[in-house]
Amino acid sequence: MFAPPALAQSLRGALDWLPPGSLNLHELTQRPQEIQAGGERQSFFAEYGRLAFRSPDVLGGNARKAGLSCQACHPNGDANRHFFIPGLSDRPGRIDVTHSLWSAKGDDGRANPLEIPSLRGVKGRHRLGFDRRLGSLREFTRNVIVLEFDGAEPEPLLLDALVAYQQTLAPGLAPGQPPSQAPGQVPEQPLRFEDDLRDFTRALGVLRLPLAEENAALTNRVTVMLRSQVGFMHERFEETAPQQILEGWSQELRGIAVLADASRWPEARDRLGALRQQAEQPPAVLMTAAPRSLYDPEKLRIWLSKPVR
Ligand code: HEC
């Protein structure tokens, strides 16, 4: 059975846990380009943070149930200018983050949607937030998780990682982008299955360190995050064959966590190697089914327009 951890699904989770009208075709089919200083060669911390940034598991409450992560509002470190939740947004790209939908603790009892800022170049900012109150990215990130989105107190390593990732987000233009475009206006790219798969393969690399250091708690944490990434891909497929392959991957990740708990490290490392190979050379059925899946904007448009599921 496929049991995605914490309902880590942006399409179906949002249907169940957010007010109708919260899903928007544009934000589900386009993504701003990610520009990291240093490209894809990053430290373990930055890579772990990158995965955590994309994992609903880091947040709590309805945000987590709806499959939202930092990435939902700050896609690839930029701002989601289409994000809109009826009742919490006054205009696209603006959202009330101190609302009871997210957290009873963080609710300020006022309707005060704020513009979602881009995090590009956040490393160089001395004051953060609309009120410019906080200077520390670490403290801001902790407050986002615990106060705004009702998440559990993040362990220090997780916070360090989220900060390290955000600090890699370059302020500059994307390669090839004409300088006439204002900074922050980064070109968008269509969201394709191949890209999600590549991202997943890259994120699998995060598991190497906890498996090498034989750290079961961290192995568990990371496998849960990785399974949510599998969940995001899975929910876009409507055919059984590709779904089963992705369910298999999720089971493999679960298996790695179980082996880690039993201190069977060499086996756990072998299983990761095998899974990486599969993700790098995916079964043909996945690739051939992708154009017929909800990765196709037209298919997704129709799917979104169906009133009841
Ligand atoms: C539901 C949308 C949403 C989610 C999810 C979200 N943010 Fe934000 N973020 C916002 C909004 C809106 C602001 C502006 C709030 C403010 O100014 O206080 C903001 C502001 C920020 C800032 C301040 C940037 C600046 O220059 O002032 C940082 C840093 C940040 N978010 C990081 C994160 C991280 C890390 C996560 C995940 C743990 C996250 N956000 C999740 C909407 C979101």
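Me: Why does Cys70 count as buried?

Reply: Its relative accessibility is 18%. Buried means under 20% relative accessible area, exposed means over 50%, and partly exposed lies in between (1.4 Å probe, protein chains only). At 18%, Cys70 therefore falls under the 20% limit and counts as buried. This is a predicted model: local features need pLDDT of at least 70, side-chain atom pairs count only at pLDDT 80 or more, and totals for chains, interfaces and linings use all residues. Residues are numbered from 1 along each chain as its sequence is written, and side-chain values use heavy atoms, with hydrogens and water left out.

Me: Why is Cys73 put in the buried class?

Reply: The relative accessibility of Cys73 is 15%, so Cys73 is buried.

Me: How many disulfides does a search of the whole structure find?

Reply: Zero. A pair of cysteine sulfur atoms has to lie within 2.5 Å to be called a disulfide. The search of the whole structure therefore finds no pair that meets that limit.

Me: What makes His74 a donor of the iron atom?

Reply: Its NE2 atom is 2.2 Å from the iron atom of the ligand. Donors are N, O and S atoms within 2.8 Å of the metal (3.2 Å for Na, K and Ca). NE2 at 2.2 Å is inside 2.8 Å, so His74 qualifies. His74 is the only protein donor. Water is not among the atoms, so sites may look incomplete.

Me: Where is His74 found?

Reply: In the loop between helix H5 (70-73) and strand E2 (94-95). Helices (H or I, at least four residues) and strands (E, at least two) are DSSP runs, numbered from the N terminus.

Me: Which residues surrounding the ligand are the closest?

Reply: Cys70, Cys73, His74, Arg125 and Phe130. The ligand is surrounded by 25 residues. To be near, a residue needs a heavy atom within 4 Å of the molecule or strand.

Me: Which element gives the most to the shell around the ligand?

Reply: H6 does, with five residues. H5, strand E3 (114-115) and helix H6 (137-148) each supply at least two.

Me: What lies 2.6 Å from an oxygen atom of the ligand?

Reply: A backbone N or O atom of Gly129. Phe130 also places a backbone N or O atom 2.4 Å from a ligand oxygen. A side-chain N or O atom of His74 is 3.0 Å from a ligand nitrogen. A polar contact is a pair of N or O atoms within 3.5 Å; within protein, one must be able to donate a hydrogen and the other to accept it, and residues adjacent in sequence count only if both atoms are side-chain atoms.

Me: Why is Ser103 called buried?

Reply: Its relative accessible area is 1%, so the buried label applies. Ser103 is in the loop between E2 and E3. Its side chain reaches the backbone nitrogen of Gly106 at 3.0 Å.

Me: Why is Ile116 buried?

Reply: Because its relative accessible area is 8%. Ile116 lies in the loop between E3 and H6. Ile116 and Cys73 are 43 residues apart in sequence, yet 6.9 Å apart in space, C-alpha to C-alpha.

Me: Why is Glu214 called partly exposed?

Reply: Its relative accessible area is 41%, which puts Glu214 between 20% and 50%. Glu214 sits in the loop between helix H9 (208-213) and helix H10 (216-234). Its phi is near 55°, a positive value in a residue other than glycine.
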